[in-house]
Each structure stands twice: as structure tokens, then as C-alpha cells.
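Me: I am new to this structure and would like a close look at one part of it, the aromatic rings and the charged side chains around them. Could you walk me through that part in one connected answer?

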Amino acid sequence: MQDQTLRAWQLLCDTVPNEEALTEIERRRGFYRTRSIKSGDLLEVEAYPILPKTVIREAMQKHPASREAQKRLNQRNAEKRLMRLMETNFGQGDWYFTATLEGANLPTVEGMQRMIRRFISRLNYRRKTAGMDNARYIYVIEGYEEGSKQKRLHVHFIIDGGLDRATLKEIWGHGRCKCDELDPASYGGLVNLAKYLSKDPRGRKRWSASKGLKGPIVHTAERKVNHKTARRIAESPAGAAAALEKLYPGYEHVETEVRTNPFIAGCYIYAVMRRKEGVQKNEQGRTGGKIGNRAGTHAGRSRSDAALRVSNGSAPPVQKRKGRV
């Protein structure tokens, strides 16, 4: 379950930091709670001040989030959940498969779901005869019914590799198909696909997935980022990447978003990083040394709203300080 304090910070923080806000970030002395989410080669980092729950609760009561703000946050979090599942379980050699239906008599959503179940059954049978395990997949039904109006239903699949493009099209057998290889090498590839597939489903569940998919590895740290590092990340496009890459060796910085609010000093940080080429991962999800060298440094144990994208500072080593907020 999501940390309620984190959700409160996400809802409260909707302002790009200005100079006054940067001063307030440093005034909020103490440490930030840091969450790192590792999904395959992708690393997300969220950081926000450690404050008493009463302070957060009072701010939320005085400045309640609108229904529209909560809806936007739910949508962003849905996109992230799908992106993490895709990044963790799928990669090069897997398929993005879009299947449509032929003819004028279109099924209902429930009828489409029955067709998908039969497709998955035929797919797994074909894989079994070829000596493979059952398919790993995520699918989204797109299209809708509104009285007498109906948009043509179709389905998007993310399916693991093993069978070729022609075989997938043959197994579907209900109409036109488009089958493309996934390209997870760039950050934008699966992120943009996750945004597209998790858009508003008109009241239905956004997507469905096969059993046994792995979830991301999540770590929480209480003393990884202090107020000085937070300001350095927030104020300097040249410093954010250096600070984050020092905190998380083996990863390169992609982008950082920083937001503040007028009610509580401090800021909310959301950063995206990707494992560097040639750096291998051990079974615990930690980042080791470059391939061919002795194992390197542990990548750290620490993890959404956007406006300021900053990209390069250096984070000081964690020091003992008197008092904590």
C-alpha cells in the first residue's frame, strides 16, 4: 500500500520551486525519506521531508486536494505501476501486439474478454508443444459502448517472446494484427507505451496481466538525502545528475522533477535513472561492477508530479547531525 505521507506530499506539491521556495527547502533542516524503485534497468527515486504526521494532516485539512487533483495523481500512479511491471518483466525480443476484429457484429467488452481467454489458451498450448512455459503478458481492451454508439473494440498485448510474429497472428485469427518488437533501451519507449495503455478506461479496469509477473524492488531509506542535498538537486540542473549518480553508483541520470508547496517547507523530488551499459545486476537487484571487473559498489537502498526537469552537484556523505525534524 502506498505511504499516505508520500501521497499527501504528491497532492500538496504542485508548484515549480522559485528562489523563495529554494530558501525554504534549506530551512527545513533534517533528512528526507527516500524510496527507490528498481524495475529491470530502470530506477526511480522519490524523496520528501520526514515530518510528524500531524503536520501533514493539518496541511491537508487546511488545503484539501480537489477531486481533479486526486484524479490526476491516480492516473500518474497507474501509469507508473504499469511501466514498472513492463520494465521488470519484458524487454528486447518481446512483442507489442495489437489485435482487431473483422466484420460488422462487434462483441461487447465481456465477449472480447472471452475471446482473449481463448486466445491465451491457444497461445499457451502452442508454446507447450514447443517446450516453452506459459506466456507472460499484459493486455488492455480499448474501445467502448455508449447506447447505440460503439467504438470498434481492439486489444493491446505485451507478450514475451518465443513465438514469431506470423504465429501470433495465426493464433489470434479474428482480424488484422500489428506486431512490433519492444524497444526498452530508451527511457521514453516503455514509459510512453505505459502512458498510452493506462489512459482513462471509462470506469473499467485499465489493464490485466498473467499470473506470476515479478514486481519492482522497493527500498526505503531515512538518512540518504539531507536538506542541503535536496536544495542542490532542486536548484541546479548541473548538480542534480552528479548528486544522484553519486548516491546511486552504476546508474545514469535521465530526468528529475522537483515540486514545492506554500504550506510546508521542503520539496518533493522524483528522479528517473537507468542502469549504465556494461554494469551487471546480481540476484538481489543490486548493481555490481562493470562486467569483467571485480564486483563494485552497492547501488544504495533508497524512490510524482512534474514540472522542473533538471539534469547534474554532488551529494555529501551522510553525516551524523544533532536533532532531526
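Reply: Happy to help; here is a tour that begins with the rings, moves on to the charged groups and ends with confidence.

A word on the ground rules: this is a predicted model, in which local features need pLDDT of at least 70 and side-chain atom pairs count only at pLDDT 80 or more, while totals for chains, interfaces and linings use all residues. Residues are numbered from 1 along each chain as its sequence is written, and side-chain values use heavy atoms, with hydrogens and water left out.

Let's start with the rings. The structure holds 6 aromatic pairs. Rings of Phe, Tyr and Trp (its six-membered ring) pair if their centres lie within 6.5 Å; planes under 30 degrees apart count as stacked, over 60 as edge-to-face and the rest as tilted. One of the pairs is formed by Phe97 and Phe157, a tilted pair with 5.9 Å from centre to centre and 40° between the planes. This pair links distant parts of the chain, 60 residues apart: Phe97 is in strand β3 (residues 95-100) and Phe157 in strand β7 (residues 154-159). Such elements are DSSP runs, numbered from the N terminus: helices (H or I) have at least four residues and strands (E) at least two.

Are these two rings buried or exposed? Phe97 is buried, with a relative accessible area of 0%, and Phe157 is buried, also with 0%. Here buried means under 20% relative accessible area, exposed means over 50%, and partly exposed lies in between (1.4 Å probe, protein chains only). The rings of Tyr137 and Tyr139 have centres 6.3 Å apart and planes at 25°, so this pair is stacked. Both Tyr137 and Tyr139 are buried. Ring pairs join Phe97, Phe119, Tyr137, Tyr139, Phe157 and Trp172 into a cluster.

Next comes a residue that can be placed relative to one of those rings. Asp94 lies in the loop between α4 and β3. The C-alpha atoms of Asp94 and Tyr137 are 9.8 Å apart in space, while the two residues are 43 residues apart in sequence. Asp94 counts as buried, at 9% relative accessibility. Leaving aside residues up to four places away in sequence, Asp94 touches Asn89, Ile159, Asp160, Gly161, Asp180, Glu181 and Leu182; contact means heavy atoms within 4.5 Å. A polar atom of the Asp94 side chain lies 2.6 Å from the backbone nitrogen of Gly161.

Charged side chains also meet rings. Arg136 lies over the face of Phe90, 5.3 Å from the ring centre, and the charged end of Lys224 sits over the ring of Tyr248, 4.9 Å from its centre. A charge sits over a ring if NZ of Lys or CZ of Arg is within 6 Å of the ring centre and within 35 degrees of the ring normal.

From here we can turn to pairs of opposite charge. The structure holds 8 salt bridges, each a side-chain nitrogen of Lys or Arg within 4 Å of a carboxyl oxygen of Asp or Glu. Glu222 forms one with Arg33, and their closest N and O atoms are 2.9 Å apart. That pair links distant parts of the chain, with Glu222 in strand β10 (residues 217-226) and Arg33 in strand β1, 189 residues apart. Glu222 is partly exposed, at a relative accessible area of 29%.

Another salt bridge joins Arg84 and Glu44, with closest N and O atoms 2.6 Å apart. Arg84 lies in helix α4 (residues 67-89) and Glu44 in strand β2 (residues 42-49), so the pair ties together parts that are 40 residues apart in sequence. Arg84 is buried at 8% relative accessibility, and Glu44 is buried at 1%.

Arg126 and Glu170 also meet in a salt bridge (3.1 Å, N to O). This pair links helix α5 (residues 109-129), which holds Arg126, with helix α6 (residues 165-172), which holds Glu170, and the two residues are 44 residues apart. Arg126 is partly exposed, at 29%, whereas Glu170 counts as exposed, at 52%. Salt bridges that share partners join Arg127, Arg136 and Asp160 into one network.

Finally, a look at confidence. The protein averages a pLDDT of 76, and 73% of the residues score at least 70; pLDDT is the predictor's confidence in each residue, from 0 to 100. Among the elements, strand β1 (residues 31-39) has the highest mean pLDDT (93) and strand β15 (residues 308-309) the lowest (34).

Note on methods
Polar contact = N/O pair within 3.5 Å; in protein donor to acceptor, adjacent residues only side chain to side chain.
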